[in-house]
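Reader: I would like a close look at one part of this model, with the parts around it brought in where they touch on it. Please keep to what can be read from the coordinates.

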Amino acid sequence: MATYTITDLAREFDITPRAIRFYEDQGLLSPSREGPGGRNRIYTARERTHLKLTLRGKRLGLSLSDIKSLVDMYRSPKDTEVQLQSFLVVLARHRAALEQQREDIEVMLAEISAHEEESRNLLVQTATRPT
């Protein structure tokens, strides 16, 4: 079975070993330990997949707790109805948050446009005033 060091995974996914250790501290990864005092972390193909899922969840903007839930689902038997229902709940919650953010951004952009227009009008008034 293929194994990986922390350096291997850091290079492959273009992240720092510190980030990998952080994900380990959060319970998202659990490598085995080898060498003197268990200093060397050894990651299996399964742990590599957990890291890949973690990074994908992060790119999607999921919270670490949501990512942990997804990784934990991966650890149990695949494609069960409960897993799929849980995944749909996580996705729906995240979609709602993103849609709210989009609405908030649209409101802020409209406000910025209004301030820009007002500022331009004031500049035109200032430039055309007799001195």
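In what order do the three strands form the open sheet, and is the pairing parallel or antiparallel?

Author: The model is a predicted one. Its three strands form an open sheet in the order β1-β3-β2, and the pairing is antiparallel. The edges of the sheet are β1 and β2, each of which pairs on one side only. Helix α3 packs on this sheet, where it touches β1 and β3, and its direction makes about 85 degrees with that of β3.

Take the pairings one by one. Strand β1 covers residues 3-4 and strand β3 residues 40-44; two bridges join them, and they run antiparallel. Within this pairing, Thr-3 has Thr-44 of β3 as its bridge partner. On the other side, β2, made of residues 32-34, is joined to β3 by three bridges, again with the strands running antiparallel. Here Arg-33 stands opposite Arg-41 of β3. The two strands β2 and β3 form a hairpin, with five residues between them. In that turn, Gly-35 has a positive phi of about 80 degrees.

The helix that packs on the sheet, α3, spans residues 45-60. From its first C-alpha to its last, this helix of 16 residues reaches 23 Å, close to the 22 Å expected at 1.5 Å a residue. Its buried residues are Glu-47, Arg-48, His-50, Leu-51, Thr-54, Leu-55 and Gly-57. Just after the helix comes Gly-61, with a positive phi of about 85 degrees.

The other two helices can be described through their contact with each other. Helix α1 holds residues 6-13 and helix α2 residues 17-25; their axes come within 9 Å and cross at roughly 110 degrees. An angle from 65 to 115 degrees counts as roughly perpendicular, so α1 is roughly perpendicular to α2. On the α1 side, the contact is made by Ile-6, Leu-9 and Ala-10, which meet Pro-17, Ile-20 and Arg-21 in α2. By type, the residues of this contact divide into five nonpolar, no polar and one charged.

To return to the sheet: β3 is joined to β1 by two bridges and to β2 by three, while α3 touches β1 and β3.

Terms used:
Residues are numbered from 1 along each chain as its sequence is written. This is a predicted model: local features need pLDDT of at least 70, side-chain atom pairs count only at pLDDT 80 or more; totals for chains, interfaces and linings use all residues. Side-chain values use heavy atoms; hydrogens and water are left out. Helices (H or I, at least four residues) and strands (E, at least two) are DSSP runs, numbered from the N terminus. The expected span of a helix is 1.5 Å times one less than its number of residues. Buried means under 20% relative accessible area, exposed over 50%, partly exposed in between (1.4 Å probe, protein chains only). Two strands pair if DSSP finds at least two bridges between them. Axes are lines fitted to C-alpha atoms, for helices over the stretch in contact, and angles run from 0 to 180 degrees between N-to-C directions. Angles under 35 degrees count as roughly parallel, over 145 as roughly antiparallel, 65 to 115 as roughly perpendicular and the rest as oblique. Contact means heavy atoms within 4.5 Å. Ala, Val, Leu, Ile, Met, Phe, Trp, Tyr, Cys and Pro count as nonpolar, Asp, Glu, Lys and Arg as charged, and the others, Gly among them, as polar.
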